[in-house]
Amino acid sequence: EILDINLVRDKSTGASKGYAFLAYEDQRSTDLAVDNLNGVTVAGRVIRVQHTKDYRPVKDDEGQLIDTTCAPEAVLPPSLQPAKPKKEKKEKKRRPKKHR
């Protein structure tokens, strides 16, 4: 299981620099990722997957962890979206009819 993803971006433009760091829950998962993904072609490009000795989650200037996950929020099609709560209808007060 992946614990953290750090997609490295250019600070001035925000564009991806073309590499990322992933932290896995256990060493076995890391070894499997390196063994099975190194040299694989993705979107027409050969990727290189290696181990790093000192993975450190990204922190801001105050030392707080920054959420570096790069996956966009899932957008569900309307048919799968949860139903919106129905608004309660206010009862209309009926005025008595005036006789002429």
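The exercises below, each with a worked solution, concern a predicted model of one protein chain.

**Exercise 1. The elements of the chain**

Find how many helices and strands the chain has, and give their order from the N terminus.

Solution. Begin by counting the elements, which gives one helix and four strands. Then follow the chain from the N terminus on, and the elements are met in the order β-β-α-β-β. As a last step, consider burial across the whole chain: of its 100 residues, 10% count as buried.

**Exercise 2. Ser29 and its surroundings**

Decide whether Ser29 is buried or exposed, and state which residues Ser29 is in contact with once its neighbours within four places in sequence are left aside.

Solution. First locate the residue: Ser29 is found in helix α1, which spans residues 27-37. Next take its relative accessible area, which is 18%; because buried means under 20%, Ser29 counts as buried. Finally, with the neighbours within four places in sequence left aside, the contacts of Ser29 are with Glu1 and Tyr24.

**Exercise 3. The two sides of helix α1**

Work out where the buried residues of α1 lie around the helix axis, and name exposed residues on the other side.

Solution. Start with the buried residues of α1, which are Ser29, Thr30, Ala33 and Val34. These residues cover an arc of only 135 degrees around the axis, and therefore they lie on the same side of α1. The general background is that an α-helix has 3.6 residues a turn, so residues three or four places apart point the same way. Turning to the other side of α1, we find that Arg28, Asp35 and Asn36 are exposed. To complete the picture, ask what covers the buried residues of α1: the cover includes strand β2, residues 16-24. After α1 comes Gly39, whose phi is positive, near 90 degrees.

**Exercise 4. An aromatic pair**

Classify the arrangement of the rings of Tyr19 and Phe21.

Solution. The count of aromatic pairs comes to one. In this pair, the rings of Tyr19 and Phe21 have their centres 6.0 Å apart and their planes at 85 degrees. Since planes over 60 degrees apart count as edge-to-face, the pair is edge-to-face. As for accessibility, Tyr19 is partly exposed at 40%, and Phe21 is partly exposed at 33%.

**Exercise 5. A nonpolar patch**

Identify which residues make the nonpolar surface patch of about 270 Å².

Solution. The patch is made by Leu37, Val40, Val42 and Ile47. Taking one of these residues further, Ile47 is placed in the segment after β4 (45-46), and with a relative accessible area of 31% Ile47 is partly exposed.

How values were computed. Residues numbered from 1 in each chain as written. Predicted model: local features only at pLDDT ≥ 70, side-chain atom pairs only at ≥ 80, totals over all residues. Heavy atoms only, no water. Helix = DSSP H or I, 4+ residues; strand = E, 2+ residues; numbered from the N terminus. Buried < 20%, exposed > 50% of the residue type's maximum accessible area, 1.4 Å probe, protein only. Contact = heavy atoms within 4.5 Å. Arc of directions from axis to C-beta. Patch = residues over 30% accessible without salt bridge, like charges linked within 9 Å, V, L, I, M, F, W, Y side chains within 5 Å. Areas by Shrake-Rupley, 256 points an atom, 1.4 Å probe, with all protein chains shown as cover. Salt bridge = Lys/Arg side-chain N within 4 Å of Asp/Glu carboxyl O. Phe/Tyr/Trp six-rings, centres within 6.5 Å; stacked < 30°, edge-to-face > 60°.
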